[in-house]
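Hi,

Here is the structure I promised to pass on, with my notes underneath. Have a look at it first, then read on.

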Amino acid sequence: MRNEPYVAIERSIIKQYRKEIWRPFIKGLQAYEMVQEGDRIAVCISGGKDSMLLAKCMQELNRHSKTAFELEFIVMDPGYHPDNRRLIESNARLMNIPIRIFESDIFNSVADVDQSPCYLCARMRRGYLYDHARSLGCNKIALGHHYDDVIETILMSILYGGQFNTMMPKLHSTNFPGMELIRPLYFVKEEHILSWKDYNHLHFLQCACRFTEQTARELAARGIEKEGGDIVHTSKRQEIKELIRQLRKRNPFVEANIMKSVENVNLDACLGYVSKGRRHHFLDEYSAD
């Protein structure tokens, strides 16, 4: 067993990437109380680097934690090309992740949607994952969103949504009572996930939806070669990635400051805010001061 590839992969998380991955992973779990005694958590695996790393981190946590909880590793096949599905299955065997695969027809459902197909696809995926996790007796699902996803969401909400919010570390489901979503990689940076992947010589599924495949074909026809993972579904998110990259050149703390901004909201200096569906305006209490 000691010579199995998954042993070295597991060791690299605890040893070589202890500072970059394991400690931020534990920090997020503890800071936001994501795992409790008796939880049964469905780790949702898309086949990409983030969800595969999440699965291994959760396995390690389950193995060493004093908190007793159970795990299920679920993979939804929304209509993958057979080669993509085989890659997911192969990586799961390589990494010793006991996955359960279930099927849906999401790719066909959104194939002819012109407006926001990616948004619709994401919502449908979430619903299927909640439903399947609940059928397995789980009370939580764990997703592989990381630090970069969080800060990009903050800026996108400001610059393109006209509001100030973020991707929360955990959420109660509104459509599936008793179910909760957690994001254990909340403080893990994407650059370190990529480094861990390369260190272990791993090749994961890139985004494999038909939109991405079609975009890749169109780019190839124009002489531009890109892997699926390099194609960002929305130009807005790509712009935000580039904006952060440029800001980091001038201020190496810009990402940390963006994250801190959602922890240090000063309501006394806000024109308005929304809480529990109710909108508040600073003039509501201004006269009383």
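His201 sits in the loop that runs between helix 8 (190-199) and helix 9 (210-221). Its backbone caught my eye: His201 has a positive phi of about 55° even though it isn't a glycine. The side of things you'd want for solvent setup: His201 counts as exposed, because its relative accessible area is 74% and the cut-off for exposed is over 50%. Do keep in mind that this is a predicted model.

There are two further spots with a positive phi. Lys276, again not a glycine, has a phi of about 55°, and its place is the loop between strand 7 (272-275) and strand 8 (278-281). With a relative accessible area of 85%, Lys276 is exposed too. Then there is Glu33, which comes just after helix 2 and takes a positive phi of about 50°.

On to the overall picture. The chain has 12 helices and eight strands. Of its 289 residues, 42% are buried. If you take contacts between residues at least 6 apart in sequence, 72% of them join residues at least 24 apart. The accessible surface of the chain comes to about 16700 Å², and carbon and sulfur atoms account for 49% of that.

Helix 2 is worth a longer look. Which of its residues are buried? They are Ile21, Trp22, Pro24, Phe25, Ile26, Gly28 and Leu29. What covers these buried residues includes helix 1, helix 3 (49-64) and helix 8.

Helix 2 also has a part in the surface charge. Arg11, Lys15, Arg18, Lys19 and Arg23 gather in a patch of positive charge on the surface. Helix 2 (residues 18-31) gives the most to this patch, with three residues. Lys15, another member of the patch, is placed in the loop between helix 1 (5-14) and helix 2. Lys15 counts as exposed, since its relative accessibility is 58%.

Now the salt bridges. The count comes to 19. Here are some that I looked at:

- Glu70 and Arg40: their side chains meet in a salt bridge at 2.4 Å, N to O. This pair links distant parts of the chain, with Glu70 in strand 2 (residues 70-77) and Arg40 in strand 1 (residues 40-44), 30 residues apart. Glu70 counts as partly exposed, at 45% relative accessibility.
- Asp50 and Lys49: the closest N and O atoms of this salt bridge are 3.2 Å apart. Both Asp50 and Lys49 are buried.
- Asp83 and Arg86: this salt bridge has its closest N and O atoms 2.3 Å apart. Both residues lie in helix 4 (residues 82-94), three residues apart, or about one turn of the helix. Asp83 is partly exposed at 44% relative accessibility, and Arg86 is partly exposed as well, with a relative accessible area of 47%.

There is also a network: salt bridges with shared partners join Lys49, Asp50, Glu152, Glu190, Arg237 and Lys241. So if you are checking protonation states, you'll meet the buried pair Asp50 and Lys49 again in that network.Last, the nonpolar side of the surface. Which residues make the nonpolar patch? Ile158, Leu159, Tyr160, Phe164, Leu243, Leu247, Val265 and Leu267 do, and the patch is about 660 Å². The elements that give it two or more residues are helix 7 (147-159) and helix 10 (235-250). Leu247 has its place in helix 10, and it counts as partly exposed because its relative accessible area is 31%.

That's what I have for now.

Cheers

Conventions. Residues numbered from 1 in each chain as written. Predicted model: local features only at pLDDT ≥ 70, side-chain atom pairs only at ≥ 80, totals over all residues. Heavy atoms only, no water. Patch = residues over 30% accessible without salt bridge, like charges linked within 9 Å, V, L, I, M, F, W, Y side chains within 5 Å. Areas by Shrake-Rupley, 256 points an atom, 1.4 Å probe, with all protein chains shown as cover. Salt bridge = Lys/Arg side-chain N within 4 Å of Asp/Glu carboxyl O. Lys, Arg positive; Asp, Glu negative; His and termini not counted. Charge placed at Lys NZ, Arg CZ, Asp CG, Glu CD. Helix = DSSP H or I, 4+ residues; strand = E, 2+ residues; numbered from the N terminus. Buried < 20%, exposed > 50% of the residue type's maximum accessible area, 1.4 Å probe, protein only. Contact = heavy atoms within 4.5 Å.
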